[in-house]
There are 2 protein chains.
Amino acid sequence: MALPSGPTAPSSTAEAVLFELVDDYDRAYESAAEQLSLTAAQACVLGRLHERRGMGSLAEELGCDASNITQLVSRLEAVGLVTREPDPSDRRARLVKRTRRGHAVNRRFEEAFAFGRTAVSRLTDAEQQQLTFLLKKALG
Amino acid sequence: MALPSGPTAPSSTAEAVLFELVDDYDRAYESAAEQLSLTAAQACVLGRLHERRGMGSLAEELGCDASNITQLVSRLEAVGLVTREPDPSDRRARLVKRTRRGHAVNRRFEEAFAFGRTAVSRLTDAEQQQLTFLLKKALG
DNA sequence: TATTGTTATACTCTATAACTATA
DNA sequence: TATAGTTATAGAGTATAACAATA
């Protein structure tokens with residue numbers, strides 16, 4: 001199930017279109033990950049490794065438990081997409097970073113996950129600015 | 001991890017705001033379900049039972065395997081939120097429907113999941129119409 | 001023979017609790 | 001004593017394959 005789907009909403013309100021957007025977005029994310037033999041969670045972690053960083057920092061950003069990150073990073077390491085190295089400044093800590101293949105796979109994932117790009121590209125520049133404004137306001 | 005998160009996007013573009021929206025939406029959905037001791041998938045199934053319907057129909061709508069629906073419905077049945085009854089017109093099939101408690105819990109879920117309502121309510125009527133137009137266009 | 005749904009199985013995500021090593 | 005990360009474990013989502021009952 002690619003969902004979280006929302007409650008059954010009337011078909012043409014802003015709320016309903018919002019739901020459709022989220023649903024499509026989530027499915028596209030899952031699908032792009034699958035094309036690269038990744039799960040959504042793995043693609044997500046890989047995408048956050050722009051620079052070398054600690055496990056705790058990842059857990060905090062992703063809002064999940066540290067033990068979860070341990071497992072996800074272990075899987076990514078097992079398939080050669082990331083490495084863990086000791087943190088010279090704190091011997092308890094470990095720094096995760098992408099391997100060369102990890103970089104390549106992440107790049108291909110970003111290409112495959114075209115949902116946001118494609119959606120935005122259907123709008124004119126002025127419309128994109130409007131949309132940004134409206135969504136920011138809606139998010140409070 | 002409440003995510004699917006998107007690739008690291010520039011901070012203020014339409015694409016970035018889109019990502020933020022999806023992320024917030026998904027987390028809010030998860031959180032609302034949790035308040036009712038449901039998982040997101042369970043809340044999702046429960047929400048699709050406006051009327052009595054077959055397992056296969058659910059699987060198709062949710063885009064997942066039938067065996068998955070079997071398990072989810074079994075859990076909901078085990079906690080008394082849905083029942084399965086034989087389909088009089090096809091003895092292979094079974095019809096799922098909410099119990100009274102299932103209705104009540106679903107109603108409380110929809111109240112708890114205020115994300116879409118709240119977001120839309122921050123916009124004027126004209127802005128809501130604009131947003132609907134822009135999102136529909138962006139979705140193609 | 002095809003279809004509806006279930007069961008068995010396996011993999012992944014996720015959290016909690018207990019643990020190790022270090023600060 | 002507190003913190004970074006791991007391990008063990010358990011519950012849940014998900015799919016595949018094999019199966020039963022019915023069409």
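This is a quick walk through the symmetry and the salt bridges of a two-chain model. Keep in mind that the model is predicted.

Symmetry to begin with. A turn of 180° and a shift of 0.0 Å along the axis lay chain A on chain B, with an RMSD of 0.0 Å. That is the relation of a two-fold axis. The two copies use the same surface: 100% of the contact residues of chain A recur in chain B. Which residue of chain A comes closest to the rotation axis? A:Val22, with its C-alpha at 2.7 Å.

Now the salt bridges. Over all chains, there are 16. I will show three pairs.

Pair one is in chain A. A:Arg84 bridges to A:Glu77, with 2.8 Å between the closest N and O atoms. A:Arg84 is buried, at 17% relative accessible area. A:Glu77 is partly exposed, at 29%.

Pair two sits in helix 1 of chain B, residues 14–35. B:Arg27 meets B:Asp23, closest N and O atoms 3.4 Å apart. The two residues are four apart in that helix, so about one helical turn separates them. Buried or exposed? B:Asp23 is buried, at 10%. B:Arg27 is partly exposed, at 28%.

Pair three is B:Glu61 with B:Arg48, at 2.4 Å, N to O. This one links distant parts of the chain, 13 residues apart. B:Glu61 is in helix 3, residues 55–62, and B:Arg48 is in the loop between helix 2 and strand 1. B:Glu61 is partly exposed, at 37%. B:Arg48 counts as buried, at 12%.

Over in chain A, shared partners join A:Arg48, A:Arg53 and A:Glu61 into one salt-bridge network.

Technical notes
Residues numbered from 1 in each chain as written. Chains lettered and ligands numbered in written order. Predicted model: local features only at pLDDT ≥ 70, side-chain atom pairs only at ≥ 80, totals over all residues. Heavy atoms only, no water. Least-squares fit on C-alpha atoms with pLDDT ≥ 70 in both. Contact = heavy atoms within 4.5 Å. Salt bridge = Lys/Arg side-chain N within 4 Å of Asp/Glu carboxyl O. Buried < 20%, exposed > 50% of the residue type's maximum accessible area, 1.4 Å probe, protein only.
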